[in-house]
Each structure stands twice: as structure tokens, then as C-alpha cells.
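Student: I would like to take a close look at a single part of this protein, and to see how that part is tied to what surrounds it. Could you go through it slowly with me?

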Amino acid sequence: MQPSNERSHAPMFFLVIPCFNEEEVLHETASRLRTKFDQLIQDRLADPESRVLFVDDGSKDSTWKIISELHDEDSLFSGLKLSRNEGHQSALLSGLLYAARYADAIGSMDADLQDDINVLDQMLEKIAEGYDVVYGVRNNRDTDTGFKRWTAQTFYKFQKSMGVDTVYNHADYRVITKRVAEDLGEYKEVNLFLRGIIPLIGYRSCCVYYSRGERFAGESKYNLKKMVAFAVDGITSFSIKPIKMIAVSGFIIFLLSLIALIYLLIGHAVGNVQIGWTSTMASIWLLGGLQLFAIGIVGEYVGKAYLEAKRRPRYFIDKVLLTDTQKHDGKDVTSD
């Protein structure tokens, strides 16, 4: 298999799946994908040399061992092993950029089987129609808990209000063309938020809707702490509105302070000089909390600027498993 330069009738299709401690689900994921790829190849939606590319993001369990076994048993399954845990977005990016060397169309999904693989047919059909980005969008959140449903919807709405261009109810289940993946490599920031970067690239896009299922096995890797951190990264990486809000808030408080000063001066003039303890303490706590909050937001931007200024590599690829004449047997290091 050689890197493809032109799109054939049946595109070379790579499906990138980031993995972090997914030993409980990998065998079932591989089994279902084998069946699905057989169908895609039979329907001429994917080239027979298409691949599933698992990316091991520094797992502590036997994830890489299972990927290696799957690769030995079936050339459909390939693997990248990162040198350490770099996070979901970096792992996903490493797979997308590596797959772009060979593929005409590149998909991405999580390993937990919650995304409906049966809509891959529709996604690839849209690619064949000339779309460059096909977003997999959830048509409901019936499988989520009430709290997770509320936090997710709040997150999307808040992002939109902050000026971040994302697709509502879309995570990282999508199919993109080779040129989108190559253009994605031009974005060099360390603070990755692919859900916001890909819409920035432009090109023709559309959505395919599906019902998200229950996780097949294991536990979600996104706890509340990680979800909050991911939300903050998404907003601060694409919008300066929070800083503008601080400036507006400061101006409003300044006006209120002038009104309060005038009120106190009038009170002093008429002989009412008693100052209420409650109002004094409330003002101190309000202004102190606002100042700390403002410093924290500014600190987020300063920290991100610091990380970007160092220009450190986003990941290193330790091992590659790919049935190909150009297989890399040693350590593949990239700063993409």
C-alpha cells in the first residue's frame, strides 16, 4: 500500500480511534469494525486496503498488547503508540496526521462503541458527494444522566455565547478528507480543541445524525474535573470574550461605586454618617471575589500564551504497527 495521491472510486479510508486504558472494550470494538469494514468494502465505499488505526495514548493497562495482537491477526488493524499520555485531543491529532499520509478519507471515533458505526456508510457517501467534513451529531441525549445532559447543553450554549464556532451535540465522531487533515496540520497550537479548529478550516461540510448508545464496557475517561478543564480550554483557546467581560464588569462596578460614593456624601451632608457593617463587608467580599475571579481568567490566557511560546512538540510516536512496505520499525518522532 502506497500513500495515495488521488481519490479512487472507493477511497482509502482510515478510521482513527484514540485509546486510553481501553482493554475491556477493544476486542468487541475490533469485532464490530471488522464486520463494518467488510460491508464498506463490499459496497465500494472504502478501498480494500483501508485501515482502523488505534492510537494508544500512554495506557497503563494492556491496551497496546491487545492492539498488537489484533494487528498480528488481521492487517485491517493498525496502531500508533505515543511515548506518554498526551491527552485525547493530541492522541486524536497524531492519528489524523499520520493517516493523512495514506488515506483519502479519515474518520475518528471513540473506542467505547457509543458512536453508531452504522452511519459510517452515510458519512462516506457524503464524502463521495463532494463534502470535505461530515460531522456525526447526536439526535438525542437519552443515554446521559440528567446532570451530564444539563452540563453538556450548558457547555454548548455557553461556547456559542462566547463566540466559539462548534457544531451542537457533536463530539469527535466525524469523517474528513485528506486535504482537511493536511490543513489541520498547519495549526500549531499546543492547546488543542479540534471541535473548534476543524470548523475554522472551512470547506464544504454537513451533518449526519445518529443515536448514541451506552458504553459497552469500562468507565468514561471524562470525569467532571476533566470536562470542566476541557470546557475552559475550548473557550479560552478560541475566544477573548471572557477578558472583555472582565473589562465591562469592572466598568459597571466603577459606576456603581460612584453612585455609592454620592449616596454616602449626601448622607454625610444631612448628618446620617452611620455606616452599615453588612453593606461594608458585602462590598469587600464582592470586590475581592471579583478581583480573584478576574485574575484567574487572565491567568488562563497568560498560561496558554506561555505554553504556546515554548513551542514544545505536542506528542512523540514511540511505535507504529502498519502492514505496509513503508512500515516504520523504529521510533517515529514527530513534532506535528
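Student: In strand S3, which residue is the bridge partner of Val-55?

Tutor: The partner of Val-55 in S3 is Leu-80, and this pair is a good place to begin, provided we keep in mind that we are reading a predicted model. The pair belongs to a longer contact, since S2, which covers residues 51-56, and S3 run in the parallel sense and are joined over five bridges. Between these two strands comes helix H2, residues 63-73, and together S2, H2 and S3 make a β-α-β unit that is right-handed.

Let us now turn to the other strand that pairs with S3. Strand S8, residues 317-321, is joined to S3 by four bridges, and here the two strands run antiparallel. Within S8, the residue that stands opposite Leu-82 is Ile-317. S3 therefore takes part in a parallel pairing with S2 and in an antiparallel pairing with S8.

How covered is S3 itself? Residues 77-82 make up this strand, and six of the six are buried, so S3 is largely enclosed by the rest of the structure. To read this by faces, recall that in a regular strand the side chains alternate between the two faces of the sheet. In S3, Phe-77, Gly-79 and Lys-81 lie on one side, while Ser-78, Leu-80 and Leu-82 lie on the other, and both of these groups are buried. Leu-80, with which we started, is thus among the buried residues on the second of these sides.

If we follow the sheet from S2 away from S3, we come to strand S1. S1 and S2 pair in the parallel sense over six bridges, and in this pairing Leu-15 stands opposite Val-52 of S2. The chain passes from S1 through helix H1 to S2, and this β-α-β crossover, too, is right-handed. S1 is also joined to strand S4, residues 105-108, by four bridges in a parallel arrangement, and Val-16 has Ser-108 of S4 as its bridge partner.

S1 is mostly covered as well, for seven of its seven residues are buried. Phe-13, Leu-15, Ile-17 and Cys-19 point one way from this strand, whereas Phe-14, Val-16 and Pro-18 point the other way, and all of them are buried.

These strands lead us to the interior. The largest nonpolar core has 38 residues, and those that touch the most other members are Phe-13, Ile-17, Phe-54 and Leu-120. Among the elements that each supply at least two residues of this core are S1, S2 and H2, together with H1, helix H4 and strands S6 and S7. The element that gives the most is H1, with five residues.

For contrast, it helps to end with a place on the surface. Leu-256 sits in helix H9, residues 241-269, and at 52% relative accessibility it counts as exposed, because the cut-off for that word is over 50%. Ile-252, Leu-256 and Ile-259 form a nonpolar patch on the surface there, with about 300 Å² of accessible area together. Set beside this, Met-123 in helix H4 has a relative accessible area of 0% and is buried.

Conventions: Residues are numbered from 1 along each chain as its sequence is written. This is a predicted model: local features need pLDDT of at least 70, side-chain atom pairs count only at pLDDT 80 or more; totals for chains, interfaces and linings use all residues. Side-chain values use heavy atoms; hydrogens and water are left out. Buried means under 20% relative accessible area, exposed over 50%, partly exposed in between (1.4 Å probe, protein chains only). Two strands pair if DSSP finds at least two bridges between them. A crossover is right-handed if, with the strands pointing away from the viewer, the path from the first strand over the helix to the second runs clockwise. Patches are made of residues with over 30% relative accessible area and no salt bridge: like charges are joined within 9 Å, nonpolar side chains (Val, Leu, Ile, Met, Phe, Trp, Tyr) within 5 Å. Accessible areas come from the Shrake-Rupley method with a 1.4 Å probe; for residues, only the protein chains shown count as cover. A salt bridge is a side-chain nitrogen of Lys or Arg within 4 Å of a carboxyl oxygen of Asp or Glu. A nonpolar core is a set of buried Ala, Val, Leu, Ile, Met, Phe, Trp, Tyr and Cys residues joined through side-chain atoms within 4.5 Å.
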